[in-house]
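Reader: Could you take me through one part of this protein closely, and then show me how that part sits in the whole? I would enjoy a connected account.

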Amino acid sequence: MAARHAVISGASIAGLSAAFWLRRTGWQVTVLERAGEFRDGGQNVDVRGVGREVLARMGLAEALKEQNTTETGTVFVDTDGRVLAELPSDGPDGATAEFEVLRGDFARTILENLPDGVEITYGDTITEVADGTDEVTITTASGRVLNADLLVVAEGVRSATRDKLFGDLVDRRDLGISMVFGTIPRTASDDSRWRWYTTTEGRQVHLRPDNHGTTRAMLAHARAADVTRLDRAAALAEFRHHFADAGWEARRVLDGFDTSDDVYVDHLTQIRMPLWHRGRVCLAGDAAWCVTPMGGGGASLALVSGYVLAACLSTAGDQFEEGLAAYEEWMRPLVDDVQTLPRWIVPVAYPRTRLGLALRRLADKAMTSSLLSPLTAKFTQVADTTRALPPIGAAHS
């Protein structure tokens with residue numbers, strides 16, 4: 001009997017994890033990626049909770065540690081760069097995690113260690129999907145027609161394939177926060193800590209070290225219009241307008257973004273769905289449950305989803321529906337845990353007034369005190385569970 005065939009759309013962490021584990025369990029795997037080549041770069045992500053166990057089962061823990069960003073801690077600073085408070089970083093799931101890496105380095109580590117036989121095609125996208133009883137037929141923009149037993153959509157938060165096939169189920173929750181990320185030159189004032197600056201009018205500036213001799217920077221603006229529909233120049237002009245008087249390193253970041261080659265603009269939107277599969281199509285990663293940086297743990301959830309999907313299908317045999325339902329049942333509590341954000345989180349994290357900022361800084365000092373820091377540490381414990389990972393069944397052939 002021929003091996004079952006899975007087509008995966010999206011070659012970042014969720015898609016590559018699914019490719020790794022489906023191939024490991026005997027599937028023929030084809031990965032489609034719309035970008036013309038592998039996408040390096042990106043900002044800090046981490047591996048937390050049960051994601052560490054999945055990483056160990058992949059045999060990639062040491063390889064990923066070698067890609068560590070060199071970050072040693074997380075501090076809140078004022079407009080002069082003075083440290084106001086430091087977040088707890090004890091243990092593997094502290095504010096700066098044991099596995100603290102760049103998105104591109106993480107994805108490349110999986111890519112370079114995929115089992116033999118995974119086919120990856122860059123520069124192609126899905127245009128049509130015909131989901132039948134026994135197979136799903138995928139047509140791509142290049143005219144390629146693929147017949148498969150399973151289609152995994154791992155295209156990210158703005159997935160076009162998801163919207164085409166599951167549009168009636170997609171609940172987009174706009175958090176009202178626009179962010180711009182990029183890489184800027186490192187200066188003598190930069191150190192090994194994630195430095196986090198909050199000021200009035202819902203603005204934040206972040207600087208983080210990397211392992212490539214540069215600095216990763218981020219500007220965040222709450223109660224902001226969606227700038228993702230603007231081109232790069234217009235989006236950066238919006239941020240320059242809003243951050244002109246923000247203080248600290250805002251001007252340096254804006255100037256650095258003007259010449260950075262990996263600027264990325266986002267408007268934080270949670271994706272919530274009551275169902276992550278239909279027929280022989282399933283969703284994984286941000287396409288299914290984007291938790292946004294406010295929730296955290298997106299990379300860990302993406303990594304875990306590939307394992308859980310392959311494991312559940314490997315023990316379900318020909319009962320696809322049962323396997324996909326088991327995948328959803330196992331992943332859902334992890335996702336729900338970080339998608340449920342309290343209503344106060346945005347106003348507190350992004351104060352508008354001087355009074356609000358003063359209260360925020362008092363809260364930061366209180367929450368990072370020796371008395372309350374154990375409680376604060378729990379906020380970074382995502383993808384955490386006492387349940388055992390589902391077992392991997394025998395390879396299907």
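Let me begin with Asp163: is Asp163 buried, partly exposed or exposed?

Author: Happy to help, and please keep in mind that this is a predicted model. Asp163 is partly exposed, because its relative accessible area is 31%, a value that falls between the 20% under which a residue counts as buried and the 50% over which it counts as exposed. The side chain of Asp163 forms a salt bridge with that of Arg162, with 3.0 Å from N to O. Arg162 itself is buried, because its relative accessibility is 0%. The salt bridge therefore joins a partly exposed aspartate to a buried arginine.

A little further along the chain comes Asp168. Its side chain pairs with that of Arg278 in another salt bridge, at 2.8 Å from N to O. Asp168 sits in the loop between helix H5 (160–166) and strand S12 (171–185), while Arg278 belongs to strand S17 (residues 277–278), so this pair ties together parts that are 110 residues apart in sequence. As for their surroundings, Asp168 is exposed at a relative accessible area of 58%, and Arg278 is partly exposed at 30%.

For another kind of pairing, look at helix H2 (residues 51–58), where Arg57 and Glu53 lie four residues apart, about one turn of the helix. Their side chains meet in a salt bridge of 2.6 Å, again from N to O. Arg57 is partly exposed, with a relative accessibility of 36%, and Glu53 is partly exposed too, with a relative accessible area of 37%.

Salt bridges also link up into a network, whose members are Asp190, Asp191, Arg193, Arg195, Glu249 and Arg252. Across the whole structure, a search finds 29 salt bridges. Turning to charge in general, the protein has 42 positive and 54 negative charges, and the mean positions of the two sets are 5 Å apart.

Now for some places elsewhere in the chain. Asp258 belongs to helix H7 (residues 250–259), and this aspartate is partly exposed, with a relative accessibility of 45%. If you set aside its neighbours within four places in sequence, Asp258 is in contact with Arg232, Leu236 and Arg240. To get a feeling for distance, compare the position of Asp258 with that of Gly393: the two are 135 residues apart in sequence, and their C-alpha atoms are 51 Å apart in space.

Helix H4 (residues 103–111) gives you a view of the interior. Eight of its nine residues are buried, so the helix is largely enclosed by the rest of the structure. The buried residues of H4 are Arg103, Gly104, Asp105, Phe106, Ala107, Thr109, Ile110 and Leu111.

Two loop residues are worth a look for their backbone. Glu201, in the loop between strand S13 (193–199) and strand S14 (203–209), has a phi near 60°, a positive value in a residue other than glycine. Glu201 is partly exposed, at 46% relative accessibility. Arg223 lies in the loop between strand S15 (214–222) and helix H6 (232–243), and phi of Arg223, near 55°, is likewise positive in a residue other than glycine. Arg223 counts as partly exposed, with a relative accessibility of 40%.

Finally, let us step back to the whole protein. Its secondary structure comes to 14 helices and 18 strands. The radius of gyration is 21 Å, close to the 21 Å that the globule rule gives for 397 residues, so the protein is as compact as a globular protein of that length. Along the principal axes, the C-alpha atoms fill a box of roughly 65 × 45 × 40 Å. Of the 397 residues, 55% are buried. Among contacts with a separation of 6 or more, 74% are between residues 24 or more positions apart. The accessible surface comes to about 16,900 Å², and carbon and sulfur atoms account for 51% of that surface.

To return to your starting point, Asp163 is partly exposed and shares its salt bridge with Arg162, while Asp168 has its own salt bridge with Arg278.

Definitions and conventions. Residues numbered from 1 in each chain as written. Predicted model: local features only at pLDDT ≥ 70, side-chain atom pairs only at ≥ 80, totals over all residues. Heavy atoms only, no water. Salt bridge = Lys/Arg side-chain N within 4 Å of Asp/Glu carboxyl O. Buried < 20%, exposed > 50% of the residue type's maximum accessible area, 1.4 Å probe, protein only. Rg over C-alpha atoms; globule rule 2.2 N^0.38 Å. Contact = heavy atoms within 4.5 Å. Areas by Shrake-Rupley, 256 points an atom, 1.4 Å probe, with all protein chains shown as cover. Lys, Arg positive; Asp, Glu negative; His and termini not counted. Charge placed at Lys NZ, Arg CZ, Asp CG, Glu CD.
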